[in-house]
Amino acid sequence: MRSIEYIELFEQLRTPFYFYDTGLLQKTLFAIKSAASLFNYTLHFAIKANANDTILKKISKYGLGADCVSANEIQKALNNGFVAEKIVFAGVGKTDDEIAYAIEREIFSINCESLQELEVINQIAVQKNKKVRVALRINPNVDAKTHEHITTGIISNKFGISFNDLQYIVCQRNNYQNLVIDGVHFHIGSQITDLEVFEKLCQAVNEILKYLQNNKFYVQHVNLGGGLGIDYSSPENQIPDFQAYFSLFNKNLNLLPSQKVHFEPGRSIVGQSGVLISRVLYVKDNGLQKTLILDSGFTELLRPALYQANHKIVNLSSAKGQMIYDVAGPICETSDYFGKSVMLPETKRGDIIAILSAGAYGEVMASNYNLRAPVAKYFSHEMQKITEDTLLTL
Ligand code: LLP
């Protein structure tokens with residue numbers, strides 16, 4: 001992110017806002033598509049990572065499908081150019097209305113997360129007199145070695161179908177007469193940086209596929225979810241090594257020639273393309289530590305408060321001197337910090353601060369707690385236009 005290039009413009013804009021480098025997004029999309037196409041893998045963008053219309057339109061133009069977790073996300077995907085035949089729908093708590101909506105829209109697959117849900121999908125399909133394609137999301141009990149709040153594939157997590165229930169489904173498969181169960185789905189967690197974890201996932205998937213084949217239960221698609229991490233500590237590593245990631249699956253998965261592989265990346269596509277831009281409201285010094293109070297807080301970017309995530313913090317207005325600061329937001333909560341003991345140039349009221357790597361799970365997790373205003377957003381490809389608009393209002 002070269003947000004420093006835009007500093008003069010940022011200074012004229014009301015903060016806080018998200019700024020997206022859509023050039024970097026295009027480059028990242030090109031990289032992931034090229035790497036996936038080497039192995040004929042299908043991609044569904046995880047809408048939950050960023051549901052911004054402009055971003056979604058750019059991603060759908062690249063031909064990716066969408067991974068959704070609510071009917072609203074399905075609707076959002078359809079409104080932004082994603083085609084129904086490339087939409088998958090996961091989530092542990094789909095309501096009957098959401099299932100009915102997904103069936104009506106004839107999406108690619110409903111990724112079912114429990115035995116009871118499978119029965120409900122079948123009942124709704126019977127009522128609608130439709131055949132519905134379903135994948136079974138299986139909990140493979142593989143530890144993603146990431147933050148516990150974003151670990152989803154160990155047995156104590158609420159996600160996915162247990163092996164016991166899978167055995168039951170395999171035996172009772174003829175009871176689901178309106179379902180075509182032709183896929184399996186796995187997602188073990190997010191911000192995974194230890195690639196060995198994905199090897200473990202492949203071993204677990206191979207065993208499950210073997211079990212299914214031994215029981216003459218054939219699936220056509222194998223969906224490995226998302227999870228590839230980005231480099232928060234060195235955001236200059238803008239594009240993750242997609243080739244290494246996909247090669248690992250190609251090397252370790254034992255598939256039948258007819259089986260197609262799908263992925264649902266979110267963070268790795270959009271993470272580095274977004275920054276949160278704020279102003280310093282106040283600089284406090286209590287004799288023990290200096291604290292910068294920004295005009296954005298966890299209502300704009302929740303990740304540091306919720307997952308103790310470290311986003312790099314940069315002062316775009318000043319490069320002089322060095323000082324250690326705690327960097328806090330304005331929200332009336334003690335957890336409202338972006339960083340503690342952060343080394344920054346000497347910083348004053350009015351300086352523009354960028355919080356990097358905020359393109360994934362940033363804007364989309366914003367809230368209006370403390371009755372905060374919705375956070376604004378700007379895109380690098382629209383900067384010329386904004387310059388003109390801004391000048392007109394001066
Ligand atoms: N597929 C499924 C079924 C998922 O649940 C997720 C993310 C993804 C794909 C995309 O994973 P990614 O490629 O983005 O790692 N708010 C948290 C992350 C929550 C991830 C939830 N599931 C954060 O800010 O770190």
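**Exercise 1. Find where Lys 130 sits, and decide whether this residue is buried, exposed or in between.**

Start with the chain: Lys 130 has its place in the loop between helix 6 (115–128) and strand 6. Keep in mind that this is a predicted model. Next, look at the accessible area. Lys 130 has a relative accessible area of 24%, and buried would need under 20% while exposed would need over 50%. Lys 130 is therefore partly exposed. To finish, place the residue relative to Phe 45: the two are 85 residues apart in sequence, and their C-alpha atoms are 27 Å apart in space.

**Exercise 2. Follow the chain into strand 6 and work out how this strand pairs with strand 7.**

Strand 6 covers residues 132–137, and its pairing with strand 7 is parallel, over six bridges. For one point along the pairing, take Arg 133, which stands opposite Val 180 in strand 7. Now check how covered the partner is. Strand 7 runs over residues 179–185, and six of its seven residues are buried, so call it mostly covered.

**Exercise 3. Asn 139 has a polar side chain contact or two to track down; locate the residue and say what its side chain reaches.**

First the location: Asn 139 lies in the loop between strand 6 and helix 7 (163–171). Then the cover: its relative accessible area is 7%. The cut-off for buried is under 20%, so Asn 139 counts as buried. Last, the contacts. The side chain of Asn 139 reaches the backbone nitrogen of Asn 141 at 3.0 Å. A polar atom of that side chain also lies 3.0 Å from the backbone oxygen of Phe 159.

**Exercise 4. Count the aromatic pairs and classify two of them by geometry.**

The count comes to 19 aromatic pairs. Phe 10 and Phe 19 make one of them, with 5.0 Å centre to centre and 70 degrees between the planes. Planes over 60 degrees apart count as edge-to-face, so that is the label for Phe 10 and Phe 19. Both Phe 10 and Phe 19 are buried.

Now try Tyr 41 and Phe 263. Their ring centres are 5.3 Å apart and the planes make 50 degrees, which is a tilted pair. This pair links distant parts of the chain: Tyr 41 is in the loop between helix 2 (22–38) and strand 2 (42–46), Phe 263 is in strand 9 (residues 260–263), and 222 residues separate them. Tyr 41 and Phe 263 are both buried.

Zoom out one step and the two rings turn up in one aromatic cluster, together with Phe 39, Phe 198, Tyr 245, Phe 246 and Phe 249.

**Exercise 5. Find lysines that lie over the face of an aromatic ring.**

Lys 94 lies over the face of Phe 89, at 5.5 Å from the ring centre. Lys 340 does likewise over Tyr 337, at 4.1 Å from the ring centre.

**Exercise 6. Describe the surroundings of the ligand, from neighbours to contacts to cover.**

Begin with the neighbours: 19 residues surround the ligand, and the closest are Ser 190, Glu 264, Arg 303, Tyr 307 and Tyr 361.

Then go through the polar contacts. A polar side-chain atom of Ser 190 is 2.4 Å from a ligand oxygen atom. For Tyr 307, a polar side-chain atom lies 2.8 Å from a ligand nitrogen atom. Asp 67 joins in too, with a side-chain N or O atom 3.2 Å from a nitrogen atom of the ligand.

Finally, the cover: on its own the ligand has 590 Å² of accessible area, and the protein covers 92% of that.

Conventions
Residues are numbered from 1 along each chain as its sequence is written. This is a predicted model: local features need pLDDT of at least 70, side-chain atom pairs count only at pLDDT 80 or more; totals for chains, interfaces and linings use all residues. Side-chain values use heavy atoms; hydrogens and water are left out. Rings of Phe, Tyr and Trp (its six-membered ring) pair if their centres lie within 6.5 Å; planes under 30 degrees apart count as stacked, over 60 as edge-to-face and the rest as tilted. Buried means under 20% relative accessible area, exposed over 50%, partly exposed in between (1.4 Å probe, protein chains only). Helices (H or I, at least four residues) and strands (E, at least two) are DSSP runs, numbered from the N terminus. A charge sits over a ring if NZ of Lys or CZ of Arg is within 6 Å of the ring centre and within 35 degrees of the ring normal. A residue is near a molecule or strand if one of its heavy atoms lies within 4 Å of it. A polar contact is a pair of N or O atoms within 3.5 Å; within protein, one must be able to donate a hydrogen and the other to accept it, and residues adjacent in sequence count only if both atoms are side-chain atoms. Accessible areas come from the Shrake-Rupley method with a 1.4 Å probe; for residues, only the protein chains shown count as cover. Two strands pair if DSSP finds at least two bridges between them.
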